[in-house]
Amino acid sequence: MRSFSIARLAPVLAALVAAVSTLALAAGYPEKPVQYLIPFPAGGESDVAARLQQQVFSQKFRQEMVVVNRAGGGGALVWQQLNSLPGDGYTIAGINLPHVVLQPLEGSVAYKTDELTSVYWFHYTPDALIVPADSPFRTFQDFVKAAKAEPGKLSIAGSALYSANHVAHARLNRDFGIATEYVPFKGTGDLVSSVLGGHVAGTMSYTTLAIQQKGKMRMLAVATPQRIPQFPDVPTFRELGVDWVDGAYRGVAVPKSTPEAVRRQVSDMMDAINKDPELRRKMADGGFEVIDVGYDQVPAFMKERTAGYMSSAKLLGLVK
């Protein structure tokens, strides 16, 4: 009878030990440096945000956040490898929408949307049409007039395929009845020289790039509800007749093997960073629209955004 009871208790005890170990890990988190994988090259929005977060992390947690740029496949290189990495809370990765919804629909990436475990979403960057400062297009109307005069001639740079920039470009063509060519780059940082050098007519990018390149580039229109303070003379797409308020969302994901308690700890860590007043000020000044989507809100957020991206998928020919 005694040996039978011990045998019955063994699985329970093992589960209890595992739970206690997980809680102990979570309680002291972070106790060592955290590796933060950014799926895009240095200089882009994901990288800029990570460097700001890195500073706050070291101040709040007295540890080092090691930012590693690992570009490839419009972010897919990191996302399709993420679940093979240790799920201990010390390897996290940047994650982007609509990229992680649209790329799997296209079918050439080795991951699915529901295989990625996002634990926090911290901002989005509004879509914006931007041209070089010396461009002949002084206004959005100038750009549209030229595009209609010579369909297919104007080329527009953007970050990656099946990304926010790709979707925005397709929407630009559809909503304003024009035909321009989309030229994908690995990331925003990689397309700057092509825009400034006049190799493309402009870029379908974000408010953040317009702010970073102010004086060198000119924003013609922006997908925000109201005009932004940094560019009070730039019209919104709504003012131009199209109900367009959108952009790229960014957050943090962890390997699927990460225990629930540790997932929450990572989310809480990012929440503490994101609510730092100085960080929020720098984000706003840089053109980032700050949001706070914590672990418990992530499922509803992903469900809503994924449903909304189905129209984008149709626009790109990914679904019927």
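User: What makes two residues count as being in contact?

Analyst: Contact means that heavy atoms lie within 4.5 Å. In this predicted model, among contacts between residues at least 6 apart in sequence, 75% join residues at least 24 apart.

User: How do you know how compact the chain is?

Analyst: The chain contains 12 helices and 10 strands. Its radius of gyration is 22 Å, and the globule rule gives 20 Å for 320 residues; the two values are close, so the chain is as compact as a globular protein of that length. Along its principal axes, the C-alpha trace spans about 90 × 45 × 30 Å.

User: Why is Ser-205 called buried?

Analyst: A residue is buried when its relative accessible area is under 20%. Ser-205 has a relative accessibility of 0%, and therefore it counts as buried. This residue belongs to strand E7, which covers residues 202–206.

User: Which residues does Ser-205 touch, apart from those up to four places away in sequence?

Analyst: Ser-205 touches Glu-45, Pro-126, Asp-127, Ala-128, Ile-130, Asn-165 and Thr-188.

User: Why is Gly-158 given a label of buried or exposed, and which of them applies?

Analyst: The cut-offs are under 20% for buried and over 50% for exposed. Because the relative accessibility of Gly-158 is 0%, this residue counts as buried. Gly-158 is part of strand E5, residues 155–159. Leaving aside neighbours within four places in sequence, its contacts include Asn-165, Tyr-182, Pro-184, Leu-191 and Met-204.

User: How far is Gly-158 from Met-302 in space and in sequence?

Analyst: From C-alpha to C-alpha, Gly-158 and Met-302 are 24 Å apart, while in sequence they are 144 residues apart.

User: What are the buried residues of helix H4, and what do they pack against?

Analyst: In H4, residues 99–106, the buried residues are His-99, Val-100, Val-101, Leu-102 and Gln-103. They pack against helices H3 (76–79), H6 (164–176), H11 (298–308) and H12 (310–315), and against strand E3 (91–97). After H4 comes Gly-107, with a positive phi near 100°.

User: How many residues of the chain count as buried, as a percentage, and what is its accessible surface?

Analyst: Of the 320 residues, 52% count as buried. The accessible surface of the chain comes to about 14,100 Å², and 54% of that surface belongs to carbon and sulfur atoms.

User: What is the distance between the mean positions of the positive and negative charges?

Analyst: The chain has 32 positive and 29 negative charges, and their mean positions are 3 Å apart.

Note on methods: Residues are numbered from 1 along each chain as its sequence is written. This is a predicted model: local features need pLDDT of at least 70, side-chain atom pairs count only at pLDDT 80 or more; totals for chains, interfaces and linings use all residues. Side-chain values use heavy atoms; hydrogens and water are left out. Helices (H or I, at least four residues) and strands (E, at least two) are DSSP runs, numbered from the N terminus. Buried means under 20% relative accessible area, exposed over 50%, partly exposed in between (1.4 Å probe, protein chains only). The radius of gyration is taken over C-alpha atoms; the globule rule is 2.2 Å times the number of residues to the power 0.38. Accessible areas come from the Shrake-Rupley method with a 1.4 Å probe; for residues, only the protein chains shown count as cover. Lys and Arg count as positive and Asp and Glu as negative; His and the chain ends are not counted. The place of a charge is taken as NZ of Lys, CZ of Arg, CG of Asp or CD of Glu.
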